[in-house]
Structures are given as structure tokens and as C-alpha cells.
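Colleague: I am new to this structure and would like a close look at a single part of it, namely the empty spaces in the model and the residues around them. Please take me through them slowly.

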Amino acid sequence: MRTVQLERLRPGEILAERARCPIVYLPLGPLEWHGPAMPFGTDPLMAQELARRAALRTGGVVMPTLFLGTERERPAQILKDKGFENAESMYVIGMDVPKNSVKSYYAREDLFAVTVREHLRLLVQQAYKLIVIVNGHGAWGQREQLDRLAIEFSNETPSKVIVAFPNIAREGEELDFGHACEIETSLMRYLDDENVDLSQFPPRDVKLPYTDWGIADDCVFEGKPTPDKCVLCDPRDATVEAGERYFGAALDHICAQVDAAYAALRA
């Protein structure tokens with residue numbers, strides 16, 4: 001094959017690859033605020049490259065990336081844990097805290113699900129046996145919608161649908177992924193270092209309050225924020241080398257999921 005990107009393939013190539021390996025990848029994620037130093041497309045761009053490299057390893061083709069995702073309003077307790085004093089009266093969707101300069105492009109949850117549903121319907125129609133949704137966005141609502149669709153399509157159509165979410169930890173390792181923190185910034189530095197500008201942050205000795213930067217550690221969402229309500233896994237510590245390691249772990253994890261699902265279909 002010249003490429004695994006379906007939009008760049010001619011009809012005969014699409015048919016030949018589908019006959020050889022009827023797997024198709026659908027990468028997706030929202031255009032979303034990831035602090036001032038990273039691109040808005042961080043989530044879908046990550047999913048896109050994971051899908052491309054996974055297809056090269058497992059076989060199959062990759063659909064054009066769906067730059068779409070969803071988020072819900074943050075509960076007051078999470079806003080309190082971020083350090084907002086007026087949390088009870090605030091309405092914050094996803095990572096769009098008041099001090100952000102640009103709002104994220106979050107679709108309504110129902111419209112997101114309908115759009116993904118239509119993509120899945122078309123891929124079933126194309127006779128792909130295994131459809132792999134590579135989800136670059138960890139929002140609870142988004143993951144719930146994708147999991148629900150995967151169960152429905154896997155039981156009501158001839159295709160098997162799985163949702164692959166990047167797991168960047170090696171076996172036995174515990175990591176705080178967070179949002180736009182060290183791990184995600186390292187990943188983007190590895191994939192596109194020229195598009196990450198850490199000079200947008202103040203010097204390293206200046207703390208980054210959650211309320212000011214639209215960045216958050218996982219501990220915030222787990223109800224265990226840092227005492228000073230400031231970022232613990234600092235994006236300014238991000239390195240290309242760490243990003244390569246995280247990406248390799250995520251790719252191995254996705255390929256293992258796909259290999260297992262495809263082997264079960266062929267059994």
C-alpha cells in the first residue's frame with residue numbers, strides 16, 4: 001500500500017486492503033483548550049497519529065480524523081477543588097475556565113453521538129469487520145457515548161466496534177495524565193515540537209493555579225487537589241524523550257487491543 005489513509009487511496013487499493021485486512025480506524029477528538037502552549041487540535045492529532053501507526057502495524061486503513069468531541073458542565077465540587085471561590089454559581093463546560101482566551105469547540109453530547117453513529121453506519125456499510133475508534137479525549141461523557149455505541153453496533157450489525165483510549169502507562173506504572181500537564185505536553189512535543197511554545201508560560205519558579213490556566217492534574221477530578229490548587233505535573237517539565245516513551249506505550253496498548261479483537265473475530 002502507498003498509504004493507510006483511506007482518503008488517499010484509489011478504489012482498487014481500498015478493496016485490496018479490505019480483503020487482506022478488514023480493519024478500519026476512526027480517530028477523533030475535540031478542538032479544545034490545552035493551555036496557551038499547545039495547539040487546539042492536541043487530542044485529535046494524537047488520535048490521528050496513533051491510528052496511523054497502529055494501522056501500519058496491524059493492517060487496515062485509517063479514516064479522516066473527526067475533529068469533534070463533547071464535554072459536560074463541571075460539578076461545583078470539581079470547581080471548588082480547582083480553587084474557584086464562587087463554584088456554586090459558576091457554569092463551566094469542560095476545560096473552558098473564565099480566564100481562557102479562546103473557547104473550546106465542544107459539540108452537544110447528543111449531536112456528537114449522532115455524528116459518530118453515522119460514521120459507524122457508513123463503515124458497517126463498507127463491510128469492515130473491525131472498526132476501531134481511537135478516542136483522543138478522556139471526558140466522561142464522550143467515553144460513555146462511545147462505549148454505548150460500540151456495544152450497540154457490535155451486537156446489532158455484522159461489524160465489531162471497539163474504543164481504544166491511549167494508555168500511556170507501562171505495566172505496573174501509575175501516571176497522572178491530567179489535562180495539558182507534563183504528559184500531554186511531552187506527547188505533543190514528541191509529535192510536533194515546533195508547535196509547542198513553552199515560553200507562553202511564566203518562569204519555572206512561578207506556580208500555575210488551576211483557576212488561571214485551564215490546566216488540571218488527574219487528582220483534581222479525583223477529589224484530591226493539591227493543597228495550593230496549583231498544577232503538580234508541570235507542562236514546563238515536558239520533554240521530547242518522555243513523549244516518545246509515553247507514545248510508544250499508548251501505541252503498544254492500542255495494537256494489543258486490536259490484535260486481540262481481530263483474533264477473536266477470526267477464531
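Modeller: What follows is a walk through the cavities and pockets, with a look at one loop residue and one helix at the end.

Please keep in mind throughout that this is a predicted model. When the whole structure is searched, two cavities of 30 Å³ or more are found, and the largest cavity has a volume of about 60 Å³. Around that largest cavity stand Thr 42, Asp 43, Met 46, Gly 136, Phe 165, Pro 166, Phe 177 and Glu 184. Helix H2, which covers residues 42-58, gives the most to this lining, with three residues. Sorted by class, the lining of the largest cavity holds four nonpolar, two polar and two charged residues.

The second largest cavity contains about 30 Å³ of space, and its lining is made up of His 34, Gly 35, Ala 37, Met 38, Ala 180, Thr 185, Leu 198, Phe 201 and Pro 235. By class, this lining has six nonpolar and three polar residues, with no charged residues.

From the cavities we can turn to the pockets. The largest pocket has a volume of about 750 Å³, and of the 33 residues that line this pocket, the closest to its centre are Gly 138, Ala 139, Arg 143, Phe 165 and Asp 218. Phe 165 is worth finding on the display, for this residue is named in the lining of the largest cavity and again among those closest to the centre of the largest pocket. The elements that give two or more residues to the lining of the largest pocket are helix H5, residues 140-156, and helix H8, and the largest share, four residues, comes from H5. By class, the lining of the largest pocket is made of eleven nonpolar, eleven polar and eleven charged residues.

In the second largest pocket there is about 280 Å³ of space. This pocket is lined by 18 residues, and those that lie nearest its centre are Tyr 91, Val 92, Ile 93, Asp 96 and Tyr 106. Its lining, taken by class, has eight nonpolar, three polar and seven charged residues.

Helix H8 also leads us to a loop residue, since Ala 216 is found in the loop between helix H7 (210-213) and helix H8 (218-221). Ala 216 is buried, with a relative accessible area of 0%. Leaving aside neighbours within four places in sequence, Ala 216 is in contact with Lys 82, Met 95, Gly 178, His 179, Cys 181, Tyr 210 and Phe 221. His 34, which we met in the lining of the second largest cavity, is 182 residues away from Ala 216 along the chain, and the C-alpha atoms of these two residues are separated by 9.9 Å.

Lastly, helix H1, residues 11-20, lets you compare a buried side with an exposed one. Glu 13, Ile 14 and Glu 17 are the buried residues in H1. Seen down the axis of the helix, the buried residues of H1 fall within an arc of 100°, so they line one face. The face turned away from that buried side carries the exposed residues Pro 11, Ala 16 and Ala 19, while what covers the buried residues of H1 includes strand E2, residues 61-62.

How values were computed. Residues are numbered from 1 along each chain as its sequence is written. This is a predicted model: local features need pLDDT of at least 70, side-chain atom pairs count only at pLDDT 80 or more; totals for chains, interfaces and linings use all residues. Side-chain values use heavy atoms; hydrogens and water are left out. On a 1 Å grid over the protein atoms alone, a cavity is a set of points where a 1.4 Å probe fits but cannot get out, and a pocket is an open set with protein on both sides within 12 Å along at least five of seven lines; lining residues have an atom within 4 Å of a point. Grid points are joined across faces, edges and corners, and a volume is the space filled by probe spheres set on the points. Ala, Val, Leu, Ile, Met, Phe, Trp, Tyr, Cys and Pro count as nonpolar, Asp, Glu, Lys and Arg as charged, and the others, Gly among them, as polar. Buried means under 20% relative accessible area, exposed over 50%, partly exposed in between (1.4 Å probe, protein chains only). The arc is that of the directions from the helix axis to the C-beta atoms. Contact means heavy atoms within 4.5 Å.
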